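Thank you all for making the time this morning. I would like to walk through a few packing arrangements, slowly, and give each criterion as we come to it.

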Amino acid sequence: MKSNHIHKKTLLKELLLFLVIVLLSTTGCKKYLDIPLPVNKIAGEGAYSNDKSSAGTINNILGILAGGGYFDGALSNNFALYTGLYTDELQNLNGTNTANIPFYTNAITPGTSGALWSNLYKQIYNANLAIEGITASTTLQNKNQWLGEAYFIRALCFFYLTNYYGDIAITSSSNYLINKDLPRVPKAEAYKLIIEDLLKAQGLLTNEYKDGNGVVTTNRGRPNKFTAAALLARAYLYSGDWPNAETQANNVITATNGGATAYGLLPSADIDKVFLAASTETIFNLVPTRVNQDYVAYNNNMAPELAYNAAGNWGSVTIALSPSLVNAFEKNTTTLTDDLRKTYWLRSATMAASNTTPVIAAQTNYFPNKYRSGIIGTENIILFRIAEQYLIRAEARARQNNLDGAKADLDRIRNRAGLNGTNATLQIDIINAIIEERRVELFTESSHRFFDLKRSGTIDAVMNNVVLQKGVGATWNSLKQNFPIATNDILANPNLVQTPGY
Amino acid sequence: MSLETLFSKIEKQSGYTFFYRMELIKAMPNVNVNLKNVTVEEALDQFLGKLSLSYSIIDNNIVIKSVPVQTNIKLLAPRIYIGKVLDEKDQPMPGVSVRVKNTMLVVVTNQEGQFITPVINDDKAILQFTYIGYTMQEIAVSELKVPIVIRLKLTSSDLDQVQITAYGSTTKRLATGNSTTITAEGIAKNPARNVLEVMQGQVPGLFVQQLSGLPGSPFNLMIRGQQTLTNGFRASQPLIIVDGVALPSGPLPLNQNAANIRENLNNELKGGNPLDYIDPSTIESLTVLKDADATSIYGSRGAYGVILITTKKGKAGSPKLNVNATSGLTMRGTSPEMLNTEQYIMLRTEAYKNDGTPITSAANFSDINGPNANRYTDFQKEYAGYHASVNRINASYSGGTSDINFLIGGNFRKQTSIQIGEGSVRDGGLNFNINNSVKNNKFNISLSGSFLSTTDDAVPYDFSQGNAYTSPPNSAPLFLPDGSLNWVDYTNNSNPAAAQNIIFKNITNNLFSTLGLKYTPVKGLSLNANIGYNYMNSKAIRAQPSTYYQPGTTFRTTSTLSFYTVRNITIEPNASYLTALGKKGTLTVQAGGTLQNQLNYSSSITGNDFLSDAMLYNPTFADRLTPGANPQANIISTYDQAPNKYLGFFGIINYNWDNKYILNLNGRRDGSTKFGENYQFGKFCSIALAYLFSNEKWFKSLLPVISFAKLRGSIGTSGGDGIPNYSFITTYSQSTPYQGSLGLQADNLENKDLHWEHNRKTDGGIFLEFFNGRISLDATYYDSKTSDQLINQRLPSTTGFTARSINSPAIIKNNGWEFELITKNLNGKKFTWSTRINLTLPKNKLVAYPGLGTTIIDLDKVIGKSVYGVKLYNYVGVDPETGLHNFINRNGLKSAFILPPFGDAALDINLDKTEYIDLSPKFYGGLGNSFSYKNITLDVFFTFTNRIGRTYLGSQSFPPGFPGLNTTTAALKRWQNKGDEAEVQRAGAGISSFFAQGNYVTSTGAYEKATYARLSSLNISYTLPDGLAKRLHLGSLTIFGQGSNLLTISKYGDLDPENLGAGMAPLRNFSGGLRVSL
C-alpha cells in the first residue's frame, strides 16, 4: 500500500507536449494528400509526355470520326445520309423511320436534328486539348506531325459545323469557362480560323503519309501536307477566295512524292477501283474501326443484298437514290453509252409487284455502289480525293474567267467517266456545269451536294422544286438551309441564340 | 502481543487479510489470547468485543472497525480506499471502473469486485463508479463508510447509460449532443441477419428501409431526411465507423458491373451493405449520431449522420463461456394476391367484350379457350414459396483480471433460400479482444480483431420481380413431371426458371482489427492512439452453364470471375487533458488527428463460349478461335484501382460547471484527395450547450415530480465529399483506337473549384424525467440546411461535355421533431412492464434551386416541395361512360389522353405533370413493450411508417385483361358497365385501355398511402432460476423464441409497404434457441 508519486507538471509543459504531438502528425500533410493517379487513367499534361500517348489523343478523334457515324453508315449522326435525304440525293423508302423522316420532309426541329453539333464540338474540344498539350510538351519526337494533325482536325470539324449551322461559336481553347458562354459569330470568322489552322497544318505536316508511330507509310489514313492543302482549297473556294483556291488545288494536283506524281485520276477502265484502299486518287481517307459492316457503312446503311420481302415493302432497306439524281447522269452523246459512274457507282434492284389488293406495282430503285466490298481493309472512307480538287480548280479558274483552264479540268473528270467534254462556253454555264458535275461525281459523299447548293445560292430554287417531288408533305424556306441547335445547348448557354427559323 | 502481531499471525494461518486504520490499532492495548481449533470468527469474537472493536468479513478480507460501526471516517489526506462493488443481487461486480472525479485516476474492480484506489490526497474527492447498463454512482470520500461496499443499480433510466461519442464517451445525463444507442441486449432480441434491420424504428430520426428480403440485400438509410438532390435509395448514406475504422462507403460490391450482383434488379438494389459482413452477435453497442455536436467532429464525412459501432470487449472476471444457438425458418413476406385462372379468364373475356373483339379459336385466344386454359399454377409459390432454414450459433469466452482480460468468440450462420434453386448464404467468423493495463493503469493497450467469411451461392436472381406475378395463372408449368425444366412449352430459352441453374458463388472476407493505446503520464493528461485496419475482399463467379439454355438451341455459355478488395488503414492519435477550472468547473480539452488511407482494387475476367461447363470456373478457358471475330474478344478482363486518402485534425473543448452548465466545442480541419489544391482542406465546427436545470435549488423545491431536466442545443457544420476521385483534374482514359493504334480520350472536365458539400445543423431539445425515472421524455427539434451539393450541371456542347461536377446552388432544408418516451408502467418484484415509444416527424423542402428548368433540368424537383418526390399527371378517376382512367391536363381538359392517331390527344411528359407527390415519410417510429414475470420476459416491438407508395396495379404498364399478363385481385374492382363508378379501369386488350393505363402509371392515381404498423420483432424468453442453473452446473440458461416481420397492419394494397415492391418483400422469420453461460 504505497502511495503514488505524483509528478507536478505545469500546464504549460503539458501543452507543449501536446503541440509536439500535433505538429508531428501534421508534418507533410499536404504531401500525404498527393495520391497516385489511377492506374487506368492519365492525368492532365501526362497525356502529352510521350509520342505514343500524344498520338493516342489524335487516334481517338480520327477513330471517332471514322466510326462514330459522321462519315460512315451509322444512322445516328450520319452527315451524308441526313443531308442526302434533306436535299435531292436520296429518297426515303420507309415511312415510319423516325430518325430519317424529319430530314426527308425538311421538318427538322431542335429535338430531331441529330447530335451533329455536340459531336463535332466534342472533337473540337479534343483537338483543342491536344493542340495545347502538344504545343507545351518538350519531349516529343514527332511533335510537328501530331500538332499538324490536331490543327487539321480542328479545321475539318469547324468546316462542317459552319456549313451545317451557318454562324457558329468559335472555341479555340479547351477552357470550358470561356466556351460555355460563347455566342455565335459570323461564318467568315469561322473560315478565318479554318484557314489559319490549315496553313499551320501545312507548315507542320510532311509530304509523306505517317502512321500512328510517326513512321512513313503508304496508308493514307492520317493527314499529310496535301490533305491540308485539299481542305484549304475547299475552304478558299467556299469563302470565295478564287486565286488561293486554285493555288491550293493546284498544289495537290501537281504534288509529287519521291519524284512521282502523288495523286492522279485512274483511267476510265479502272473507274470501279477509285474507292479501293490502294487508290492513288485518295488524298485522305478514314480507316473504319468497325469490322463487319464496311459495305453497309460506306453506302449509308443501304444493305448490299436487298432484303426486301414480297409483301410490298423494301424490308430493311430504308433509303434509295432519288430519281432526279439517277436522271442527272448523262450519256455520251456520240456512243450513247451511259456515264461510267452510273454503270459502276450505282446499282439497282427491282422488287416484284405485290400479291396484295390493291397491287403495289413493281419498283426499281437505285443505290450507291461506290463501296462494294464486304472484306475488311479493302475500302476506306474517303474524305478527300483528287477528282474534287480538279473540280475545285475548274471552278476557281472559271470564276477568275480562265474558262479554258476550267473546261480542261472539268473535261478530265467528264472524259474519265466516258462522257464528252462539256459544251458550255459562257462563264456562268461552265460554273453551272461544274456544280452539276460535282453532283454526279461526289454524290452521297460527305454532304457535298448540300454544301454546293448552299454556296451556289441555288438552294431555294432547287429545294422548292424538290419538296414537291418528295411528295411527303415536305416544305421549304430559305432559313432551313441552316440546322437548328439542340434545346439543351440553348438552355445551358443563354448567349447562344437558336438558328433563325427554329 | 500487540493486535498488529496477532492479526499478522491470523493472516498467515487463515489466508485472510486484515484491513484497519493504523492509528486505531496502535491505540489498543496488547492482548493475551490462546486460540486453538477455533474459526477465525470465534477467535475474533473472543477478544475484539473487549476492545470495543468490531469486524466484518468480506470474502477474504477482515475489516476492523471501532464501535459504533457506522461512523463517518474523518480523514486526513493522503489515503487509499479499499472496497467492493456489488450488484443488486449482492453478487460481486468485476470490471467496474472507479474514477476519482475530474481526474484521470481510474481503477477497475477485480474478479471479486474489489478495488483499491490510488492515493487520494484530497478529502473532498468524489469517487465515480461506472459500469455499462448500471447507474453511475458518485460518493464523496468523506461520506464513505467502512466497510466500503458500493451497490450499483441496474440502470433504471437511460440517464446514466454510457453513450459512445466520437473520441470518448458520456452519459445521457451529461450529453450535449443528440445520439441514440442500441446495446447488444437489444440486438439479441431480433433474429435479423443485418444489424440495420434491428435499428429499424428504434432510433428517432433514423429511417431504415429494407429494400429486399433476400439475404445480402441493401438498405436505405436516412438520418434526418434526404439531404441530396439525387432521389431515393441510398442517396445520402451515413458514415459507419466500427471501432474507429470507417466502413467502405457506398454499395458493395464496388464493381457494379461485375458478376456478383442480382442480375435482374435496378442498380439501387445491386450489391449489398457493408454491415452484412459484420456479425450482429459481435456488436456491443451501436450509436447513431445526429446533430452537429455529435457529427461535426467527423467533419467532411459527417454530413449525413454517423453510426458508431463498438464490438464486444473482454471483461474481468472468472472465465465465462457464453453460447447462443438459434434455429428457425424464414418465408416469403407480403406479396400481391394474383388472379386465379377463373378470374383471369373472366377478365380476359371481358376485355374482348369491351373492345368489341370476337373471341375465335385463333392462337391468341388460347389462354381463354385453349386446351390448357384450365391449368392453374401459383407462380409466386412456385418461384419463391419455400421455407428456408436459418441456423446460427455464436460463442464467446471471456475473462481475466483487472490488469489483463480477454474475449474470444466465434460465430456461424447459415440461411437457405426461399426461392427455387440450390444454395445458401453461410457466414463464419472469429473475433477476439485483449486488454492490458500496466503500472496502475498508466498504460493501457487493447487489441481487437474480427474476421468474417461469407459464402453466398444462392441463385443470384430475384424471382419476385416480373414473371412470378405476371405469368398468366394457366401458363405451362415451369417444370416437367420428372422435375426437369419445361422446355417443351417454353421454347427459345424462354423458361424463366432456368435462372436457377446460374452458377454463382460469392465469397467475401472481412477482417477488422484495431489496436488501442493509452498512456497517462501525469494526472489529467492522457495520450491515445487508435490504429485500425480493415481488409475486405471478395471473389465471385457468375456463369451461365449449358443447363441454363434449352438443349438443342444455339447458345454461348458465359462466365465472369470478379474480384474486389478494399483496404483501409486508419490512424488516430489524440491527447486529452482534464483539469479543474474555476470553483466548480471541469475542463476537458482533447485534440488529435485522423489519417485514413483507402485503396480499392477490382478486377474481372469474362469468358464466352466454353467447350464444357467444367471449364466455366476458369473464364480464361473460353473460346479463343471464333472465326471472323477478334480472337481475344471472347475473353475480356478488367482491372481498376482507386486510392483515396484523407487527413483530419480535431479539437474538442468541454466545460462542465457543477453538472449544471455544460459547454462543448468541436472543431475539425479536414483534407481530402478528392478536391483540388485550393479546396483540399475544409473547416467544420460546432458549439453545444446543455443546461441541467433540475440541479437548480429552486427547481427541486418547485417541481419535485420532475427528477431530472435538461435543455440542450447545438449548432454547427459538417461536410460531404460524395464525388468520384479526380474530379478536379482532366483525366484521359483509353478510348477509340485508330489504324490499330491506341486512342486516348479526355474523360473528365476539370473543376478546380470543387469543394465540400456543406451542411449546417441546428438542434434543440429538452429531456425530462419524472418520478425518479419512471417516465422519461426526450423531445428534439432539428433543422438542417444542406448546400453546395456536388451535382452534375448541364453544359453547352461547345465545352466538349454535356455536364460537369459543380457545387450546386440548391438549398435543401430538413427539419422536424423527434420524440422518445420511456415509461416503467409496472415495476413490481415479480412483474415488470415498460414501454418505449419514439416518433419522428420529418419535413423536407427544396428551398432554392437556381437554374431549375433551364441550365438544370430536373423533372421531379419543385421549389418549396420535398426533394424526394415525383411530378405526376392529375388523375381524376375512371370515366363512368368509357370505363377508362381519366386525367386533367394543364389546360383543364379532361380525357383518357390516348395518343393520336388512336385517340385525340396525348399528355405532354413535361408540361402536363401538374401534380406533385412527396415520397418521403411523413412520420415514422417504433413502439416497444417489455414484460417480465419472474424468469419469463416478453419483448414486443412494432415499427410504423406513414408515407406514400405506388400500388402494384399502378406499376403495371398493361391494363387488366391484357393478353399474356396476370394482375392482382385488386383489378376485380374494375369498371364493367356504363355508369359504373369504379376504382379500376375496364378490362381491355386494345390500344385505348393500354394508353390510358400508361398514363395512369405516371399519375396520382397510381399512388396511395403506404402507412403501416409492423410487428417487427417479438422475443419471449425463459431464464432458469439461479438455483436450478447452479445445480445443473450452469452460469445461466435462457430458452427463447423469436420472430421478425410477423404481422403487418396496413391498408396499402398488394405490395409490402416497406420496400414497396422494389425487390423481394422482407421475409418473415420464426426462430427458437437457447443461450447458455458456463
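Let me begin with the criterion for touching, since much of what follows rests on it: contact means heavy atoms within 4.5 Å. Please also keep in mind that this is a predicted model, in which local features need pLDDT of at least 70 and side-chain atom pairs count only at pLDDT 80 or more, while totals for chains, interfaces and linings use all residues. Side-chain values use heavy atoms, with hydrogens and water left out, residues are numbered from 1 along each chain as its sequence is written, and chains are lettered from A and ligands numbered from 1 in the order in which they are written.

Chain A has 20 helices and 11 strands, where helices (H or I, at least four residues) and strands (E, at least two) are DSSP runs numbered from the N terminus. Of its 502 residues, 56% count as buried, that is, under 20% relative accessible area with a 1.4 Å probe and protein chains only, exposed being over 50% and partly exposed in between. Among the contacts in chain A with a separation of 6 or more, 68% come from residues 24 or more positions apart.

Now to the helices of chain A, beginning with H15(A), residues 386–399, and H16(A), whose axes come within 7 Å and cross at roughly 160 degrees; axes here are lines fitted to C-alpha atoms, for helices over the stretch in contact, and angles run from 0 to 180 degrees between N-to-C directions. That makes H15(A) roughly antiparallel to H16(A), given that angles under 35 degrees count as roughly parallel, over 145 as roughly antiparallel, 65 to 115 as roughly perpendicular and the rest as oblique. The contact residues include A:Tyr390 and A:Leu391 of H15(A) and A:Leu410 and A:Ile413 of H16(A), and the contact divides into nine nonpolar, one polar and four charged residues. For these classes, Ala, Val, Leu, Ile, Met, Phe, Trp, Tyr, Cys and Pro count as nonpolar, Asp, Glu, Lys and Arg as charged, and the others, Gly among them, as polar.

How do H16(A) and H17(A) lie with respect to each other, roughly parallel or roughly antiparallel? H16(A), residues 403–416, packs against H17(A) at an angle of about 25 degrees, with the axes 11 Å apart, and the two are therefore roughly parallel. Among the residues that meet are A:Leu403, A:Leu410 and A:Ile413 in H16(A) and A:Ile430 and A:Ile434 in H17(A), and this contact divides into seven nonpolar, one polar and five charged residues.

H17(A), residues 427–441, also packs against H18(A), residues 448–456, at about 165 degrees with axes 9 Å apart, and these two are therefore roughly antiparallel. Here the contact is made by A:Ile435, A:Arg438 and A:Arg439 of H17(A) together with five residues of H18(A), A:His448, A:Arg449, A:Asp452, A:Arg455 and A:Ser456, which divide overall into one nonpolar, two polar and five charged.

Finally, chain B offers an open sheet of three strands in the order E42-E43-E44, with antiparallel pairing, where two strands pair if DSSP finds at least two bridges between them. Its edge strands, E42 (874–878) and E44 (894–895), each pair on one side only. Three bridges join E42(B) to E43(B), residues 885–888, and B:Tyr875 has B:Phe887 as its bridge partner in E43(B). Helix H12 of chain B, residues 991–1001, packs on this sheet, touching E42 and E43, and its direction makes about 55 degrees with that of E43(B).
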